[in-house]
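Here is an informal tour for anyone meeting this protein for the first time. Have a look at the model below, then read on.

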Amino acid sequence: TSMLSLIGAYGEWWKGHSELLPVVVPCVTSSLNQPALVQTAVAAFRSICESCREQLTEASEGMVHLACEVLMAGAAVPAREQQRIFESVAEVVMAQSPERQAPTLAPLLSALASALDRSVQMLESAPRGVSPVDFEPYLQPLVDMLNLVDSLARGLQLADDVEERAQVGDQEAASLLVASAQCYRNSAEMHSFRASLLALFKRTFTLPVWNRSPASGMLEMNDTLLECFLAVINSSTRRGPHALELGFGEVMEFIASSWNAVIACPNPSGGTLFGTRWSDQCPAFIQSISQLIAVSSTPPSGWQLVRPSTEESDRMIGATLTRMIDDIYVGIAQEAPELATAIEHQPVIIESIFDLSTRVLQLRPVLFASLEQSAVGNLCKLSVHALSVPNRLALRPTSYFLTALIRVSSSVGGRTDVSDLMSVLWSEFGPLWLRTTLAGIGGAHPRSLLSNLSELLFSMAKHHPVSVRTLMAELLGQPEFPSPHVSAADKRQFMQQVLATRSFIKAKGIVSEFSVKCRNLQDAGGYIVG
């Protein structure tokens with residue numbers, strides 16, 4: 001163990017003494033079949049591969065053979081250590097020239113495809129109606145195989161800065177991207193693996209082993225397995241080319257059909273049916289959509305594998321996102337009689353959907369403006385009530401979303417569809433956003449959330465000064481709002497200062513001072529700035 005730890009600690013040193021690697025690497029890999037040493041051996045192996053991937057390219061075929069042996073060994077090597085080995089081997093393969101990567105990976109892709117097929121057959125053989133504990137041995141092999149695919153996909157990613165350099169005119173980076181895309185597109189082995197992977201995704205959802213909810217008739221899909229499917233999609237969907245990237249349209253179709261199967265679907269009798277675990281499984285779908293939006297935020301280029309035009313990707317994502325927002329609104333609303341109470345019970349979903357919506361606004365404001373009116377309206381209804389919930393998970397992403405919405409609508413540069421949408425939304429929801437924000441500052445929310453409320457109020461005052469002046473005068477003119485501890489003069493001064501400042505730092509101080517007065521904490525030294 002000490003020797004393996006020492007080898008791992010000298011990862012960078014081996015890079016400068018590559019002539020020793022043919023001796024060191026076998027020393028490490030020979031320990032992988034010893035249970036007492038495997039964890040330390042894998043750590044040393046990963047350290048060497050990370051530091052010396054360029055020096056190990058000539059041994060990449062041997063590395064792939066090692067990964068195949070690990071795959072065949074099964075439980076002899078713990079699942080987590082198998083994943084680390086696969087990711088490390090993939091990183092070494094990626095140090096090769098693009099034309100060598102596919103032939104080198106071919107044996108591993110073939111072995112992995114066969115193992116995936118066997119694991120699905122194992123799952124299909126599970127007896128009907130068994131307990132979750134008895135079902136686990138039939139499910140775990142597929143989970144393990146998908147985790148290996150995810151690890152392989154993460155290792156096969158190009159460096160993050162390659163595309164950035166290509167976009168600013170770096171010819172070497174651009175040539176690498178184009179060559180990689182061509183090799184991945186033309187590789188029969190990679191094409192076959194991608195096709196088999198997508199077929200496996202679809203096949204798994206049709207297996208008769210899944211129970212159906214007695215109330216809705218929807219699939220009761222295992223959480224871990226569902227997360228594995230979506231993790232593979234996330235890891236293989238990048239801005240640049242990826243060896244395992246699935247077709248954009250096929251991925252969108254899979255996500256939409258999976259959502260329909262396990263999260264929510266229309267009720268033939270009217271309304272919406274929800275899966276038993278819809279609220280727990282929903283964030284994983286949102287994360288995948290967020291990844292696809294990030295990938296499609298740049299125009300298609302010659303080094304992308306299978307990407308539609310920006311307009312077509314907006315159409316596909318917009319349809320799915322509209323459906324998700326509408327379903328989430330209905331699902332949350334049915335959790336409790338009061339929407340604010342229901343939101344308080346589901347802060348993780350609120351965090352996920354508003355983080356996603358903020359990303360859409362920042363990367364694709366035109367996509368946000370193209371969402372159906374029902375979805376945008378439901379999102380804004382959720383935002384009003386989420387602002388009233390003194391829960392950091394709910395309030396922070398909501399305030400970020402609203403701040404982004406207000407800012408983007410004022411900086412889209414000629415995009416009247418975005419600014420026109422914001423005008424409509426502000427006239428309907430602006431008074432509610434402002435009232436809830438002032439109430440939070442006045443004491444309805446903990447002072448730890450003042451920074452978020454300050455930023456939101458500052459954005460509203462900056463971008464809608466006329467209407468905010470009118471609304472603040474009306475709201476602060478109400479007796480004891482937002483607190484009985486502030487006088488009319490205090491409120492007048494607060495409004496004038498908020499509307500006059502152009503500095504967010506000063507705005508935070510103004511809000512903090514007013515909040516202290518509202519909470520009657522002046523004598524307690526209860527100052528908080530941000």
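The protein chain exposes about 22500 Å² of surface, and carbon and sulfur atoms supply 52% of that area. Keep in mind that what you are looking at is a predicted model. Its C-alpha trace spans about 80 × 60 × 50 Å along the principal axes. As for the building blocks, the chain has 25 helices and two strands. Of the 530 residues, 53% are buried. Contacts often reach across the sequence, too: taking those with a separation of 6 or more, 74% are between residues 24 or more positions apart.

**Rings that meet**

Let's begin with the aromatic side chains. Searching the whole structure turns up 16 aromatic pairs. In one of them, the ring centres of Phe-201 and Phe-254 are 5.3 Å apart and the planes are at 35°, so this pair counts as tilted. Phe-201 sits in helix α11 (residues 188-206) and Phe-254 in helix α13 (residues 248-262), so the pair ties together parts of the chain 53 residues apart in sequence. Both Phe-201 and Phe-254 are buried.

Another pair is made by Phe-354 and Phe-401, with ring centres 5.2 Å apart and planes at 45°, so it is tilted as well. This pair also links distant parts of the chain: Phe-354 belongs to helix α17 (residues 347-363) and Phe-401 to helix α20 (residues 392-409), 47 residues apart. How accessible is Phe-354? Its relative accessible area is 0%, so Phe-354 counts as buried. Phe-401 is buried too, with a relative accessible area of 0%.

Ring pairs can also join up into something with more members. Here they link Phe-201, Phe-205, Phe-229 and Phe-254 into a cluster. A ring can have a charge for company as well: the charged end of Arg-435 sits over the ring of Phe-481, 4.6 Å from its centre.

**Opposite charges**

Now for the salt bridges. The structure holds 18 of them, and the table lists some examples.

| Salt bridge | N to O distance | Relative accessible area |
|---|---|---|
| Arg-100 and Glu-58 | 3.7 Å | Arg-100 32%, Glu-58 66% |
| Asp-280 and Arg-277 | 3.4 Å | Asp-280 45%, Arg-277 38% |
| Asp-314 and Arg-364 | 2.3 Å | Asp-314 11%, Arg-364 14% |

Take the salt bridge between Arg-100 and Glu-58. It links distant parts of the chain, with Arg-100 in helix α7 (residues 98-124) and Glu-58 in the loop between α4 (38-51) and α5 (60-73), 42 residues apart. Arg-100 is partly exposed at 32%, while Glu-58 is exposed at 66%.

In the salt bridge of Asp-280 with Arg-277, Asp-280 is partly exposed and Arg-277 is partly exposed as well.

Then there is the salt bridge between Asp-314 and Arg-364, at 2.3 Å from N to O. Asp-314 lies in helix α15 (residues 310-333) and Arg-364 in the loop between α17 and α18 (365-370), so this pair ties together parts 50 residues apart in sequence. Are its partners buried or exposed? Asp-314 has a relative accessible area of 11%, under the 20% cut-off, so it is buried. Arg-364, at 14%, is buried too.

Salt bridges can share partners, and here such sharing joins Arg-46, Glu-50, Arg-53, Glu-87, Glu-91, Asp-150 and Arg-154 into one network.

**A patch outside, a leucine inside**

Which residues form a nonpolar patch on the surface? They are Leu-6, Tyr-10, Trp-13 and Leu-20, and together they have about 380 Å² of accessible area. Leu-20 lies in the loop between α2 (11-15) and α3 (21-29). With a relative accessibility of 33%, Leu-20 counts as partly exposed.

Leu-457 makes a good contrast. You will find Leu-457 in helix α22 (residues 450-463), and its 1% relative accessibility means that it counts as buried. Leaving aside residues up to four places away in sequence, Leu-457 touches Leu-434, Thr-437, Leu-438, Ile-441, Phe-494, Val-498 and Val-511. To get a feel for distances in the model, try Leu-457 and Thr-204: they are 253 residues apart in sequence, and their C-alpha atoms are 49 Å apart in space.

Notes
Residues numbered from 1 in each chain as written. Predicted model: local features only at pLDDT ≥ 70, side-chain atom pairs only at ≥ 80, totals over all residues. Heavy atoms only, no water. Phe/Tyr/Trp six-rings, centres within 6.5 Å; stacked < 30°, edge-to-face > 60°. Helix = DSSP H or I, 4+ residues; strand = E, 2+ residues; numbered from the N terminus. Buried < 20%, exposed > 50% of the residue type's maximum accessible area, 1.4 Å probe, protein only. Lys NZ or Arg CZ within 6 Å of the ring centre and 35° of its normal. Patch = residues over 30% accessible without salt bridge, like charges linked within 9 Å, V, L, I, M, F, W, Y side chains within 5 Å. Areas by Shrake-Rupley, 256 points an atom, 1.4 Å probe, with all protein chains shown as cover. Salt bridge = Lys/Arg side-chain N within 4 Å of Asp/Glu carboxyl O. Contact = heavy atoms within 4.5 Å.
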